[in-house]
Amino acid sequence: MNMGGGGPSTNNPGSMSMPGVPTPMGPGMNQQIPSGGPMLMGNTLNNNNSNENGENNGNNGNNGGNGGNDANATRNNPNMVNNRGAVHALDDPNVYHWICQLTYGPQKEQALLELGRKREQFDDLAVVLWSSFGVMTSLLNEIISVYPMLQPQMLSNNLSNRVCNALVLLQCVASHPETKNLFLQAHIPLFLFPFLNTTSRQRTFEYLRLTSLGVIGALVKNDSQDVITFLLRTDIVPLCLRIMESSSELSKTVAIFILQKILLDDVGLQYICATLERFYAVTNVLKDMVEHLTVSTPPGRLLKHIIRCYLRLSDDLEARRLLKIVLPAKLRDNTFTEVLRDDVGSKRCLAQLLLTLNEETS
Ligand code: TRP
C-alpha cells in the first residue's frame, strides 16, 4: 500500500495509523500562491482537517477523483491491476520527463511539484526515485541549500513550498518497503533535523517542521525495530518534545505519534525511563499538553495519544511508581468523560492506566 501523505493504513487494524499529515504542495499550475503559504493537500485521515489557522483548502482533488483515468489506463495497459496505484511509474513518459528535469533542470521546481502529485498514483515511484541517477542527490541538494535560510525573514513562502515538495518525495521513499531501509542506512533522516530544530512560529517554518515530521512519521508508522534503534541515536525525542510544547496542533499530533511509537518499542521505553531527566522531560510535556487541552480547542486526537503514552510508560515499574505522583489530576477526575464519550479505545486505556496506578501501594 502506498502511504504517501501519511494517510491511515485502513487495512491494518492492529497498527496505529499516523495522524494525517497534510502535504504541503505548491499551487496548482495555474494558481496563484495564496498570500499565506503552501497549499495543504489530501489528508485522507480526517476529512475536516484544517490547519492551525482554520483554513481548509480542500484541494485534494487529485487524490480520489481519478476513477475514470484508472479505467482508461487499465484498458490501455494490460500489465496494470485494476485498482489505482498499481501502475509502473516509468510507463508514464511524464514521470521520466520530470525525473530528468529534477536531475538536470531547468525546471527543477516544477519537477518536485509534479512528481509529488504523482506519488499516490504509482506503487513504485519510491523505487524509481531511489534508483534514478542523481535524483536523491538532487533532493538532498534542495534540502541543504535551504539551511542558510533558516532564520526568520529569510525563508520565503516559495522556498518553504519548494523544500516541502522535496520532503514529500523523501516521504515517499521513506514509506516504501523496498526503499525504507536503504533510506535509513544512508542516514537521510538526519538531513531533516535542522528543520525540526527550528522554533520560529512563522507559517513557513511550521510547514517545514510538519512536513519533516511527516517523513519521520512515515518511517515509524509500520513498527520496525531498525527505525527506532536509528532514531534513538539521534535527538528526535527532545525535538519532538519541543514541538509538542510549542508548535501547531498538527505538528504536535505528529510529534506525539512519533513519541508514542518510540515508547511502544521495548528499547524505546527503556531509553525514556533510563534517567529521571528523560522521564520528567517527557511527563512534564505530556502534563502541559493535558493542561492546555481543557482551556483551548477540543482535544481531539491529541488526548488519545497522551493517554496511550502514559499507559505505555506505566509498563515500566519505576515509571509507574513516579506516575502515581505526576499524573495530571485532570486525567483522574472526570474532566474528559464527555470528550471521550465516543472513543471506547481511549476510555479503556485511561481506565486501565488508572487501575494500574491504583493497584498495589508502593
Ligand atoms: N542527549 C540527551 C539525553 O540522552 C537527549 C535528551 C534531551 C533526551 N532531552 C531528552 C532524551 C528527553 C529523552 C528525553 O538525555
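Helix 12 (236-246) and helix 15 (276-295) each supply at least two residues of the shell around the ligand, helices being DSSP runs of H or I with at least four residues, numbered from the N terminus. The model is predicted, so local features need pLDDT of at least 70 and side-chain atom pairs pLDDT 80 or more, while totals for chains, interfaces and linings use all residues. Residues are numbered from 1 along each chain as its sequence is written, and side-chain values use heavy atoms, without hydrogens and water.

Around the ligand (a heavy atom within 4 Å) stand Asp235, Val237, Pro238, Leu241, Tyr271, Arg278 and Ala281. On its own the ligand exposes 350 Å², of which the protein buries 63% (Shrake-Rupley method, 1.4 Å probe). The side chain of Arg278 has an N or O atom 2.6 Å from an oxygen atom of the ligand.

Three cavities of 30 Å³ or more occur in the structure. A cavity is a set of points on a 1 Å grid over the protein atoms alone where a 1.4 Å probe fits but cannot get out; lining residues have an atom within 4 Å of a point. The second largest has a volume of about 40 Å³, the space filled by probe spheres set on the points. Its lining consists of Thr198, Thr199, Arg209, Arg242, Ile243, Ser246 and Ser247.

Helix 12 gives the most to the ligand shell, with three residues, and also the most to this cavity lining, with three residues. The residue classes are set out below.

| Site | Nonpolar | Polar | Charged |
|---|---|---|---|
| Shell around the ligand | five residues | no residues | two residues |
| Lining of the second largest cavity | one residue | four residues | two residues |

Technical notes:
A polar contact is a pair of N or O atoms within 3.5 Å; within protein, one must be able to donate a hydrogen and the other to accept it, and residues adjacent in sequence count only if both atoms are side-chain atoms. Ala, Val, Leu, Ile, Met, Phe, Trp, Tyr, Cys and Pro count as nonpolar, Asp, Glu, Lys and Arg as charged, and the others, Gly among them, as polar. On a 1 Å grid over the protein atoms alone, a cavity is a set of points where a 1.4 Å probe fits but cannot get out, and a pocket is an open set with protein on both sides within 12 Å along at least five of seven lines; lining residues have an atom within 4 Å of a point.
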